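Welcome, and thank you for taking a look at this protein with me. Please keep the model open beside the text as we go from place to place.

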Amino acid sequence: MIELSAEAITALMLGGVFVLVMTGFPIAFVIGSVAFFTGLAVFGPTTTYHILYSRFYDLSLNYPYLAVPLFTFMGVILQHSGVTKDLYQSLYEAMGRLRGGLAVVTILFGTILAACLGVIAASVTILTLIALAPMVTRGYDKSLAAGSIVAAGTLGILIPPSIMLVVYAPQAGLSVGQMFMGAVFPGLLLSAFYMLYVVIRCRLNPALGPAIPEDQITPFDGAKLLRLLKSLVPPVLLIIAVLGTIFLGIAPPTEAAAVGCFASILLAAAYGKFSLGLMKRASLETMKVSAFVVMIAAMCYAYVGIFMNAGAGDVVAEFILSVPGGKWMSFFVIMAIVFLLGMFIEWIGIVFIVVPIFSPILTALGFNPLWAGMMICINMQMAFQTPPMAMSIFVLKGTAPKELGVTIGDIIRGVIPFILIIMLVLLLCAIFPEIILWLPEKMIGAA
């Protein structure tokens, strides 16, 4: 064993993860290897194995994580069920006269998808396939089109049912149901500001998002309104089936996820898309996502166990609590760390590493744990849009038809205004915390 100070261990473990992530190795292997070899060096094999075993065992008993495969299964079924097939066209017929209307419809459609799927890759893929070509071929600015898709698709990790919230809540000792409710208004506020930005930008510069030409406009009559309402029924029913049961206290999130799975199968059957092939595809995708989450969770649990037992958590706490400027400056430092980590580490690694470390610090600073947790989750919206680790950007680039000529540069330029909007919403939630806290306080059965 090697005698190292807590400060040296902190620098070794945090620096080790940061450096090794740059090698391109999977994040689970990076975090796990840093934890294992640091544990061997500091505690020896017996204590290290005991810490790892106890952490893995605790993880296996964490009941709320059952919602991860259930919500993933629900999202995959819906992705291939045809539930949203007519919704995008119906929304565009209603808003096509508006400059930037197609981008606004894309954001609105992405918001509805977010409340149904909860999986970013699926949301961004669907939006890219449905919306990118119509926008670019109608003369929309490529950056505006791409930015709208990335921003709208990323809402899927915030607006419930969100896998990120399911993963975050147990780490912070919070209720998944209350986090779901706390995410509703911030998610809708982001969506509203995204649409407002597009409308204002296209009004100032109509060439960025032209409206439908006058000779192509058809009246929005009763038949089109009926078609729009019919296309809204399935997602609304699904949202009620999941979020309604949680809000009314009928079922906790894990059981509500099971209700959502059943409802998604019924919808797939109603649209004639249900088959054994679909079930097999959904099951395989669910196993892949669940294995990915559990692998990273296990490695991060091990990492945090070694980190805290070595006294490194106290070093981080002392540093943040000693920052001059009071509790708000300490909070700003935490948010800045989360933002910077989001540029290099996948969101799930951030959640499992920083939440057990930062949650006690935020409580010691006097912040409401639910509010603080939601602020971090809103912050991590930016992690999907800030290179080099920007999953939404790469999903769009990989899905976009090559003939459209959309480059990584176009996408990055497009997402910058939406990142600034996320920062604005964070500021509003800091000034008006009830944006986050009001709905959870109204939950039936809320403590």
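A residue is called buried when its relative accessible area is under 20%, exposed when over 50%, and partly exposed in between. Keep those cut-offs at hand, as they will come back at several stops.

What you have in front of you is a predicted model, so a good place to begin is with confidence. The protein chain has an average pLDDT of 85, and 96% of its residues score at least 70. Where is confidence lowest, and where is it highest? The lowest mean, 76, belongs to helix α5 (residues 87-95), while α19 reaches the highest, at 95.

Let us turn to the cysteines. Start with C300, which counts as buried because its relative accessible area is 0%, under the 20% limit. How many disulfides does the structure hold? The number is 0. C300 takes part in no disulfide, and the nearest cysteine sulfur, in C377, lies 15 Å away. C377 has its own closest cysteine sulfur in C429, at 12 Å; a disulfide needs the two sulfur atoms within 2.5 Å, so this distance is too far for a bond. C377 is buried too, because its relative accessible area is 0%.

Now find helix α19, the one with the highest confidence. Side chains of opposite charge can pair when their charged atoms come close. In this helix, which spans residues 408-431, D410 and R413 sit 3 residues apart, about one turn of the helix. These two residues form a salt bridge, with their closest N and O atoms 2.6 Å apart. The cut-off for such a pair is 4 Å, so D410 and R413 qualify. The total for the structure is 1 salt bridge. Is D410 buried or exposed? D410 has a relative accessible area of 11%, so this residue is buried.

Stay with the helix a little longer and look for I431, which also lies in α19. I431 has a relative accessibility of 51%, so this residue counts as exposed. On the surface, I431 joins L424, L427 and F432 in a nonpolar patch, and together the four have about 390 Å² of accessible area.

Next come two buried residues in other helices. T38 is part of helix α2 (residues 27-43), and with 6% relative accessibility T38 counts as buried. What does T38 touch, once neighbours within four places in sequence are set aside? The contacts of T38 are I9, L12, M13 and I306. S123, in helix α7 (residues 120-137), is buried as well, with a relative accessible area of 1%. Leaving out residues up to four places away in sequence, S123 is in touch with L113, L117 and G153.

For another setting, go to helix α11 (residues 222-247), where you will find F247. F247 has 25% relative accessibility, so this residue counts as partly exposed. From F247 you can also look across to L404: the two are 157 residues apart along the chain, and their C-alpha atoms are separated by 43 Å.

One last stop is in a loop. P161 sits between α8 (142-154) and α9 (163-172). The peptide bond that joins P160 and P161 is cis, with omega at about 5 degrees.

Conventions
Residues are numbered from 1 along each chain as its sequence is written. This is a predicted model: local features need pLDDT of at least 70, side-chain atom pairs count only at pLDDT 80 or more; totals for chains, interfaces and linings use all residues. Side-chain values use heavy atoms; hydrogens and water are left out. A salt bridge is a side-chain nitrogen of Lys or Arg within 4 Å of a carboxyl oxygen of Asp or Glu. Helices (H or I, at least four residues) and strands (E, at least two) are DSSP runs, numbered from the N terminus. Buried means under 20% relative accessible area, exposed over 50%, partly exposed in between (1.4 Å probe, protein chains only). pLDDT is the predictor's confidence in each residue, from 0 to 100. Patches are made of residues with over 30% relative accessible area and no salt bridge: like charges are joined within 9 Å, nonpolar side chains (Val, Leu, Ile, Met, Phe, Trp, Tyr) within 5 Å. Accessible areas come from the Shrake-Rupley method with a 1.4 Å probe; for residues, only the protein chains shown count as cover. Contact means heavy atoms within 4.5 Å.
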